[in-house]
Amino acid sequence: MEAADYQANYGFTRETFPLGTHMCYIYNDEAERKMVIEKYLKSGLSANEKVVALLDVETEAEIDDYLREIGLIADEHRKSGQLVIKNQMEAYCPDGRFETQRMIENLKEIYHLGMGEGYAAVRATGEPSWIHRGVPGSEHWREYELELNRLVLDCPFSGLLCRFDARMFSGALLYDVLSVHPLIVVRGQVLKNPYYISPEELRSKQGA
């Protein structure tokens with residue numbers, strides 16, 4: 001299948017989406033969170049995609065517990081390398097600080113590795129809860145999210161799902177979250193985000 005014809009399903013509905021999709025999921029309900037993550041990961045595995053999840057887990061036991069918690073049995077996928085689970089702090093801030101360009105380069109590597117392994121596509125999900133821990137460089141988080149919108153033009157992930165716990169964010173920060181994500185997951189539906197500001201619009205406003 002040509003890349004231009006590929007349509008990704010996230011398991012929430014029958015609707016499909018083109019490659020290069022960047023979206024956010026703002027949640028405050030644990031049951032819904034589990035459902036969304038389970039369906040997002042499971043649908044990618046079923047479609048023979050490489051699936052990378054950045055989670056707040058550290059040990060194998062914690063990974064097993066997390067997968068059981070969301071109802072996903074994925075031992076075979078993990079053994080084959082199709083499902084990769086990484087600690088989010090080690091992935092985003094390997095030396096204790098966050099650097100936008102380093103993370104973008106890491107994602108490029110993940111994408112090209114997955115495609116080189118022969119998978120139909122590559123999808124990833126992460127949750128930057130670390131930005132509340134005073135991590136150096138976390139003030140550049142919004143810049144990073146803007147760069148993701150450029151990244152998917154060259155590295156068309158089937159999905160980049162950024163998760164945010166609404167209970168940890170102020171209203172102003174939640175608006176920032178919405179302003180940099182073209183799509184948003186709302187109660188299991190993927191919707192066009194009316195609050196999204198494209199990089200071009202943002203540059204225009206900053207130059208005004």
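## A loop residue with positive phi

R187 is placed in the loop between strands β8 and β9, the latter covering residues 189–192. In this predicted model, R187 has a positive phi of about 50° although it is not a glycine. Its side is open to the surroundings to the extent that R187 counts as exposed, at 72% relative accessibility.

A second residue of this kind is N48, whose phi is near 60°, a positive value in a residue other than glycine. N48 is found in the loop between α1, residues 30–46, and β4. With a relative accessibility of 38%, N48 counts as partly exposed. As background, most residues other than glycine have a negative phi.

## Strand β3 and its partners

Strand β3 spans residues 22–27 and is mostly covered, with five of its six residues buried. Two partner strands are described here. Six bridges join β3 to β7, residues 159–165, and the two strands run parallel. Within this pairing, I26 stands opposite F164 of β7.

Strand β8, residues 183–186, is also joined to β3, in this case by three bridges, and this pair runs parallel. Here Y25 is the residue that stands opposite V185 of β8.

## Cysteines without disulfides

The structure holds zero disulfides. For C24, the closest cysteine sulfur is that of C162, and no bond is possible because the two sulfur atoms are 7.5 Å apart, too far for a bond. C24 is buried, with a relative accessible area of 0%.

The closest cysteine sulfur to that of C93 is likewise in C162, but the separation is 14 Å, which is too far for a bond. C93 counts as buried at 4% relative accessibility.

## Helix α6

Helix α6 has 14 residues and reaches 21 Å from its first C-alpha to its last, close to the 20 Å expected at 1.5 Å a residue. The buried residues in α6 are W141, Y144, E145, L146, L148, N149, L151 and V152. In general terms, an α-helix has 3.6 residues a turn, so residues three or four places apart point the same way.

## Enclosed cavities

A search of the whole structure finds two cavities of 30 Å³ or more. The largest cavity contains about 120 Å³ of space. It is lined by 14 residues, and those closest to its centre are Y92, L107, G126, Y144 and L160. Several elements contribute to this lining: β4 (50–55), α5 (100–116), β6 (122–126), α6 (141–154) and β7 each supply at least two residues. By class, the lining of the largest cavity has twelve nonpolar and two polar residues, with no charged residues.

The second largest cavity has a volume of about 40 Å³. Its lining is formed by Y10, G11, F12, T13, E15, F17, G188, Q189 and V190. By class, these divide into four nonpolar, four polar and one charged.

## E15 in its loop

One of the residues lining the second largest cavity is E15. E15 lies in the loop between β1, residues 7–9, and β2, residues 16–18. At 41% relative accessibility, E15 counts as partly exposed. The C-alpha atoms of E15 and G44 are separated by 14 Å, and the two residues are 29 residues apart along the chain.

## The largest pocket

The largest pocket has a volume of about 210 Å³. Its lining consists of K50, V52, L54, V84, K86, A91, M103, N106, E109, I110 and L113. The elements that give two or more residues to this lining are β4, β5 (83–87) and α5. Helix α5 provides the largest share, five residues.

By class, the lining of the largest pocket divides into seven nonpolar, one polar and three charged residues. Helix α5 and strand β4 therefore appear in two settings, and each also supplies at least two residues to the lining of the largest cavity.

Terms used. Residues numbered from 1 in each chain as written. Predicted model: local features only at pLDDT ≥ 70, side-chain atom pairs only at ≥ 80, totals over all residues. Heavy atoms only, no water. Buried < 20%, exposed > 50% of the residue type's maximum accessible area, 1.4 Å probe, protein only. Helix = DSSP H or I, 4+ residues; strand = E, 2+ residues; numbered from the N terminus. Pairing = 2+ DSSP bridges. 1 Å grid on protein atoms, 1.4 Å probe; cavity = no way out; pocket = protein on both sides within 12 Å on 5 of 7 lines; lining within 4 Å. Points joined across faces, edges and corners; volume = space filled by probe spheres on them. Nonpolar A, V, L, I, M, F, W, Y, C, P; charged D, E, K, R; others polar. Disulfide = S-S within 2.5 Å. Expected span 1.5 Å × (residues − 1).
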